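The following account leads the reader through the packing of a protein chain, from a pair of helices to the nonpolar interior and then to a loop.

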Amino acid sequence: MRIENLKMRMKNQEPLLGTFIRTPSIEIVEILAETGLDFACLDAEHFAFDRSRLDACLAVGRALDFPLLVRTSNSSHSEILKVLDGGATGIVVPHVDTVIKAKEIVKGAHYGAGGRGYAGGTRSAGRTSKPMFDVIEKAKKRTIVIAQIEEKSGVDSIEDIAAVNGLDAVFLGPSDLSLSYGETNLDSQFLIDAMIKVGAAATKNKINYITFITDLAKIKEWKKYGFTTYLLGSEHAWIMKSALEAVESFQRIE
């Protein structure tokens, strides 16, 4: 029941660990599903996930009961629809910097007038095997909507964004947010102040607070800002790190 329970676990502020998947490979999904990670996020914003590869990865995730979020390439309703129809547990939408955008992504992620359209033959609908009412009710309980805050304007509007009904979490992107303040490191006072402000808004509205980290040591440093969910690197970073360590160890062998 990992897929069915993730939304409630986020709502309950349980400590959760995931990672980005940047290779459009069903094998990567299969391997990570066996690791004990709470979830993974397919990064369709920055990496080469075409419709068929995305669909295949989502199918494997569903088959293995491994929750897969998708970071969409944009905030359009059509982009959100194809991801959720394919069986994603939820969406991470980049560049949400206004309350209007936040309301639109929530609307696009849920069935209803002007929002997500219904097609009974999709994977998420059970390939016509389930009544429409059941599909819609299950989607309400399962679908996770996450707004990525990565611009100063998003921080400035965070009180209104976090208060949008139906938003499950805000994801603070530390690198892009730092760049929006003209900084090239993750130690600036601008970033710290932003983490505090976004965290306060998330806490006030009882939604989850997520960030990206490159090592677990950051959890001890940043936990005080209110984060409970972390995306740790990606399979690219893990492969690179292990390969570099192997080469260094090999070169030390006499």
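The paragraphs below treat helix packing, the nonpolar cores, and one helix with the loop after it.

The model is predicted, so that local features need pLDDT of at least 70 and side-chain atom pairs count only at pLDDT 80 or more, while totals for chains, interfaces and linings use all residues. Residues are numbered from 1 along each chain as its sequence is written, and side-chain values use heavy atoms, with hydrogens and water left out.

Helices (H or I, at least four residues) and strands (E, at least two) are DSSP runs, numbered from the N terminus. The axes of helix H2 (residues 26-33) and helix H3 (residues 51-63) come within 9 Å and cross at roughly 25°; these axes are lines fitted to C-alpha atoms over the stretch in contact, with angles from 0 to 180 degrees between N-to-C directions. H2 and H3 are therefore roughly parallel to each other, a label given to angles under 35 degrees. At their interface, Ile-26, Val-29 and Glu-30 of H2 meet Arg-53, Ala-56, Cys-57, Val-60 and Gly-61 of H3, where contact means heavy atoms within 4.5 Å. By class, this contact has 5 nonpolar, 1 polar and 2 charged residues; Ala, Val, Leu, Ile, Met, Phe, Trp, Tyr, Cys and Pro count as nonpolar, Asp, Glu, Lys and Arg as charged, and the others, Gly among them, as polar.

A nonpolar core is a set of buried Ala, Val, Leu, Ile, Met, Phe, Trp, Tyr and Cys residues joined through side-chain atoms within 4.5 Å; buried means under 20% relative accessible area, with a 1.4 Å probe and protein chains only. The largest such core has 55 residues, of which Ile-21, Leu-42, Ile-105, Leu-167 and Val-170 touch the most other members. Helix H10 (residues 189-204) gives the most to this core, with 6 residues. Apart from it lies another core of 15 residues, among them Leu-6, Leu-16, Phe-20 and Ile-210.

Helix H4 has Glu-79, Ile-80, Val-83, Leu-84 and Asp-85 as its buried residues. Their cover includes H3, strand E3 (68-71), E4 and helix H5 (99-109). H4 is followed by Gly-87, whose phi is positive, near 110°. Gly-87 lies in the loop between H4 (77-85) and strand E4 (90-93). Because its relative accessibility is 6%, Gly-87 counts as buried. Not counting residues up to four places away in sequence, Gly-87 touches Leu-58, Arg-62 and Ser-124. The C-alpha atoms of Gly-87 and Arg-62 are separated by 6.9 Å, although the two residues are 25 residues apart along the chain.

Notes
Buried means under 20% relative accessible area, exposed over 50%, partly exposed in between (1.4 Å probe, protein chains only). Angles under 35 degrees count as roughly parallel, over 145 as roughly antiparallel, 65 to 115 as roughly perpendicular and the rest as oblique.
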